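Hi everyone, thanks for coming. Please have the sequence and the structure open while I talk.

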Amino acid sequence: MHTKITAEQIHKVYAHFKQNQEHPGKWPAENPVELILGAILVQNTTWTNVQKTLDNLRPITGFDAEKILALSTEELQELIRPSGFFKNKSKAIQSSLQWFQDQNWDFDAIATRYGRHLRNELLNLHGVGQETADVYLVFIFHQVHFVADAYARRLFGYLTGTEFKTYQDLRKVVEIPDDFTTQDAEDLHGYIDDYGKLHKNPEDFDQSFFGGFDL
């Protein structure tokens, strides 16, 4: 059983980032549709491939949900081919966009309707797993959640000496601070991902500002 990562420890890591890393990375999206696309497309691939796909979609759709949904499945698959798994990802894109479209993209109304069951509703959408659901919750619904992605699992694995093999392995032991704001949740994710892109193995961690850090 993994040791709990307390709210105090999350605060400590967050403060250390703010002291040592100039800016938190921002999710590269100009609107919720582009964010949804990125969150789905990045599954099992690199952001470089996602960027190629977004560059395909932008001039044709302007990241307008109606225009994307108006594409045939074959057209959409061809446009997103650079991101791989294009058949499954095309279904996932159509499923998420249609769900939001059916609810008029009214995020407050959606959150009110589903309340604490919202995450489960998102997980029912085709191709939306735990990480994608939490990204939606943090960056679309502006709720306070922890995104336990591969970068986070690597960082907290290093800090705790514990191997977090799955998303849920880390997510279930993280205690989110009660006083965390939605901006804190977004910024922590940004800090972790920017840091993770540069520090990929124990030697990188040891030589970084987290080397010798006492959690």
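I'll go through one helix, then some ring pairs, and then a cavity.

First, a word on where this comes from: this is a predicted model, where local features need pLDDT of at least 70, side-chain atom pairs count only at pLDDT 80 or more, and totals for chains, interfaces and linings use all residues. Residues are numbered from 1 along each chain as its sequence is written, and side-chain values use heavy atoms, with hydrogens and water left out.

Let's start with helix H2, residues 32-41 (helices are DSSP runs of H or I, at least four residues, numbered from the N terminus). How many of its 10 residues are buried? The count is 9, where buried means under 20% relative accessible area with a 1.4 Å probe, protein chains only. Among them are Val-33, Glu-34 and Leu-41. The cover over the buried residues of H2 includes helix H3 (47-61), helix H4 (65-70), H6 and H9, with contact meaning heavy atoms within 4.5 Å.

H6 and H9 come up again with the rings. Rings of Phe, Tyr and Trp (its six-membered ring) pair if their centres lie within 6.5 Å; planes under 30 degrees apart count as stacked, over 60 as edge-to-face and the rest as tilted. The whole structure has 23 aromatic pairs. Take Phe-17 and Phe-210: they are edge-to-face, 5.0 Å centre to centre, with 75 degrees between the planes. Phe-17 belongs to helix H1 (residues 7-20) and Phe-210 to the segment after helix H13 (202-206), so this pair ties together parts that are 193 residues apart in sequence. Both Phe-17 and Phe-210 are buried.

Now look at Phe-100 and Tyr-136: their ring centres are 6.0 Å apart and their planes at 65 degrees, so this pair is edge-to-face. Phe-100 is in helix H6 (residues 86-102) and Tyr-136 in helix H9 (residues 130-139), 36 residues apart.

Finally, the cavity. On a 1 Å grid over the protein atoms alone, a cavity is a set of points where a 1.4 Å probe fits but cannot get out, and lining residues have an atom within 4 Å of a point. The structure holds 1 cavity of 30 Å³ or more. The largest cavity has a volume of about 80 Å³, a volume being the space filled by probe spheres set on the points, which are joined across faces, edges and corners. Of the 13 residues lining the largest cavity, those closest to its centre include His-145 and Phe-180. Helix H12 (residues 182-198) gives the most to this lining, with 4 residues.

Conventions. On a 1 Å grid over the protein atoms alone, a cavity is a set of points where a 1.4 Å probe fits but cannot get out, and a pocket is an open set with protein on both sides within 12 Å along at least five of seven lines; lining residues have an atom within 4 Å of a point. Helices (H or I, at least four residues) and strands (E, at least two) are DSSP runs, numbered from the N terminus. Buried means under 20% relative accessible area, exposed over 50%, partly exposed in between (1.4 Å probe, protein chains only).
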